[in-house]
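Subject: Structure for you to look at

Hi there,

Here is the structure I promised to pass on. Could you open it beside this email and follow along?

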Amino acid sequence: MTKGEKAEELFRSGYNCSQSVAVVFSDEMNLDSELVARLTIGFGGGMGRMREVCGAVSGMTFVLSAIYKDDRAEIYERVQTVANKFKEENGSIVCRELLGLSDNTPESPTPEPRTNAYYSKRPCPELVHLAADILDDYLKNNKE
């Protein structure tokens, strides 16, 4: 099973977008998966469900920050590389844009129930899949 498939499976099991991406890289970060899920929970829904930067991109950022011991500029370059790849594939890294939401109207902090209707109107399972695959490819080609 690929990292993307694992991330999608986690999302479909109830993890949020950021958790789904970050947790599949727990071993690479030498961190417990439950701790990673806890540390990344607030990035879901575009940062606390504010629909800003996609949680899948935030998950990639978390992983890069944990793995590489570079200075700030080098980490920023790594983040920009994977975020730009994600943007090339999807047209944006902004949650509300990826979801096709028209404005920045605040949403309830309470996530919607995960139903078939939820999944049919959200690209999120595919987005976490793609983000995890982009990150996996990046890590394989950019050893620490």
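Below are my notes on two helices, the largest pocket, the aromatic pairs and a couple of single residues.

Before you start, please keep in mind that this is a predicted model: local features need pLDDT of at least 70, side-chain atom pairs count only at pLDDT 80 or more, and totals for chains, interfaces and linings use all residues. Residues are numbered from 1 along each chain as its sequence is written, and side-chain values use heavy atoms, with hydrogens and water left out.

**Two helices**

Let's begin with H10, a helix of 18 residues running from 124 to 141. (Helices are DSSP runs of H or I with at least four residues, numbered from the N terminus.) From its first C-alpha to its last, H10 reaches 26 Å, close to the 26 Å expected at 1.5 Å a residue; the expected span is 1.5 Å times one less than the number of residues. Its buried residues include Pro-125, Val-128, Leu-135 and Tyr-138, where buried means under 20% relative accessible area, exposed over 50% and partly exposed in between, with a 1.4 Å probe and protein chains only. Among the elements that cover the buried residues of H10 are helix H1 (3-12), helix H6 (55-67) and helix H7 (72-90).

H6 has 13 residues that should span 18 Å at 1.5 Å a residue, and its end C-alpha atoms are indeed 18 Å apart. This helix is mostly covered, with 10 of its 13 residues buried, including Met-60, Phe-62 and Leu-64. The cover over its buried residues includes H2, H7 and H10.

**The largest pocket**

About 430 Å³ of space lies in the largest pocket. A pocket here is an open set of points on a 1 Å grid over the protein atoms alone, where a 1.4 Å probe fits and protein lies on both sides within 12 Å along at least five of seven lines; lining residues have an atom within 4 Å of a point. The volume is the space filled by probe spheres set on the points, which are joined across faces, edges and corners. Of the 28 lining residues, the closest to the centre are Asn-16, Gly-44, Gly-45, Pro-111 and Arg-114. H2, helix H5 (44-47), H6, H8 and H10 each give two or more residues to the lining.

**Aromatic pairs**

The structure holds 3 aromatic pairs. Rings of Phe, Tyr and Trp (its six-membered ring) pair if their centres lie within 6.5 Å; planes under 30 degrees apart count as stacked, over 60 as edge-to-face and the rest as tilted. Phe-11 and Tyr-119 have ring centres 6.2 Å apart and planes at 75°, so they are edge-to-face. Phe-11 sits in helix H1 and Tyr-119 in helix H9, 108 residues apart, and both are buried.

Tyr-68 and Tyr-138 are also edge-to-face, at 6.3 Å centre to centre and 80° between the planes. Tyr-68 lies in the loop between H6 and H7 and Tyr-138 in helix H10, so this pair ties together parts 70 residues apart in sequence. Both tyrosines, Tyr-68 and Tyr-138, are buried.

**Two charged residues**

Is Glu-8 buried or exposed? At 18% relative accessibility, Glu-8 counts as buried. It lies in helix H1 and touches Pro-125, Val-128 and His-129, not counting residues up to four places away in sequence; contact means heavy atoms within 4.5 Å.

Lys-69, in the loop between H6 and H7, counts as exposed at 64% relative accessibility. Lys-69 and Glu-144 are 75 residues apart in sequence and 8.0 Å apart in space, C-alpha to C-alpha.

Best wishes
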